[in-house]
Amino acid sequence: MSGLVDSTNLEPDPVKLNCFRRFAMLNADHGMASSVFSALVTASSLTDPISSLIAAVTSAHGPLHFGATESAQRALREIGKPENVPNFLKDVKYGKRKLFGYGHRSYKGVDPRVAPIRSILRDLPMSSNSLYGIAEAIETAASADDYFVSRRLYPNADFYGNFVFTSMSVTSGWTLIRRIFMAVQRH
């Protein structure tokens, strides 16, 4: 249903499935996100499950929620290669660009979700993803830059979260949501 099947034997890929479950539990344990709240409020009107799912997906679409992973990935694609990171960070410091996935309005230090996400990523094939190297270069440069350190700006779950999806051959979190939505519609 969500692309976590091994194409050679049509069985669920145990590594991808394990990583997906860990990532899903991490997000569920994080607390009530806007999408969960929207789904619950919509469901409380006794509407159908599809309407609740639509409400959840649309509320998460903005760049400050689930859309932040997409915005972070878009910026990484625009940077193109690790050598371009210093110029990108300079533009961020001068207010010319935004660095999505850095800092968090609730966490004024390190986002506690980042370490478990990195653990998940260690179990997935990241070598073919050139954007991951750019993300690591940003984190390395920002952790040594007084601008980011003095403002306590660290990567949050959105910065690395989309790599969980892309390393499982899902082009993005939105692709996964669309696949699940289409499967729910069929049933």
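Contact here means heavy atoms within 4.5 Å, and helices (H or I, at least four residues) and strands (E, at least two) are DSSP runs, numbered from the N terminus. With those terms in hand, here are my notes on the structure above.

1. **What kind of model this is.** This is a predicted model, in which local features need pLDDT of at least 70 and side-chain atom pairs count only at pLDDT 80 or more, while totals for chains, interfaces and linings use all residues. Residues are numbered from 1 along each chain as its sequence is written, and side-chain values use heavy atoms, with hydrogens and water left out.

2. **Overall make-up.** The protein has ten helices and zero strands, so to speak a plain α-α-α-α-α-α-α-α-α-α when read along the sequence. Of its 187 residues, 38% are buried; buried means under 20% relative accessible area, exposed over 50%, and partly exposed in between (1.4 Å probe, protein chains only). The exposed surface comes to about 10,600 Å², with carbon and sulfur atoms supplying 57% of that area; accessible areas come from the Shrake-Rupley method with a 1.4 Å probe, and for residues only the protein chains shown count as cover. Taking contacts between residues at least 6 apart in sequence, 72% join residues at least 24 apart.3. **The core.** A nonpolar core is a set of buried Ala, Val, Leu, Ile, Met, Phe, Trp, Tyr and Cys residues joined through side-chain atoms within 4.5 Å. The largest one holds 34 residues, and Leu99, Ile138, Tyr160 and Phe163 touch the most other members. Two or more residues come from each of helix 1, helix 4 (67-79), helix 5 (85-93), helix 6, helix 7 and helix 9 (157-167). If you would like to look at Leu99 in your viewer, its contacts beyond four places in sequence are Phe88, Leu89, Val92, Ile138, Phe148 and Phe159.

4. **Helix 1, length and faces.** The 17 residues of helix 1 (residues 14-30) should span 24 Å at 1.5 Å a residue, and the end C-alpha atoms are indeed 24 Å apart; the expected span is 1.5 Å times one less than the number of residues. Lys16, Cys19, Phe20, Phe23 and Leu26 are the buried residues of this helix. Viewed down the axis, they fall within an arc of 125°, so they line one face of helix 1; the arc is that of the directions from the helix axis to the C-beta atoms. Pro14, Arg21, Met25, Ala28 and Asp29 are exposed on the other side.

5. **A lysine among the buried residues.** Lys16 belongs to helix 1 and counts as buried because its relative accessible area is 18%. Its C-alpha atom is 9.3 Å from that of Asp6, a residue ten places away in sequence.

6. **Side chains that reach backbone nitrogens.** A polar contact is a pair of N or O atoms within 3.5 Å; within protein, one must be able to donate a hydrogen and the other to accept it, and residues adjacent in sequence count only if both atoms are side-chain atoms. At the start of helix 1, a side-chain oxygen of Asp13 comes to within 2.9 Å of the backbone nitrogen of Val15. In the segment before helix 1 you will find Asn9, which is partly exposed at 41% relative accessibility. A polar atom of the Asn9 side chain lies 2.9 Å from the backbone nitrogen of Glu11.

7. **Asn129.** This residue sits in the loop between helix 6 (114-122) and helix 7 (130-143), and at 17% relative accessibility Asn129 counts as buried. A polar atom of its side chain is 3.0 Å from the backbone nitrogen of Leu131. Leaving out residues up to four places away in sequence, Asn129 touches Phe163 and Thr166; Phe163 was also named above among the core residues that touch the most other members.

8. **Helix 3.** Ser52, Ala55 and Ala56 are buried in this helix. They cover an arc of only 100° around the axis, which puts them on the same side of helix 3. The cover over the buried residues of helix 3 includes helix 2. At the N-terminal end, Asp48 caps helix 3, with a side-chain oxygen 3.2 Å from the backbone nitrogen of Ile50.

9. **Two positive phi values to look at.** Most residues other than glycine have a negative phi. Leu46, which is not a glycine, has a positive phi of about 65°. Leu46 is in the loop between helix 2 (34-43) and helix 3 (49-59), and it counts as exposed at 77% relative accessibility. Arg152 also has a positive phi, near 55°. Arg152 is placed in the loop between helix 8 (146-150) and helix 9, and with a relative accessible area of 47% Arg152 is partly exposed.
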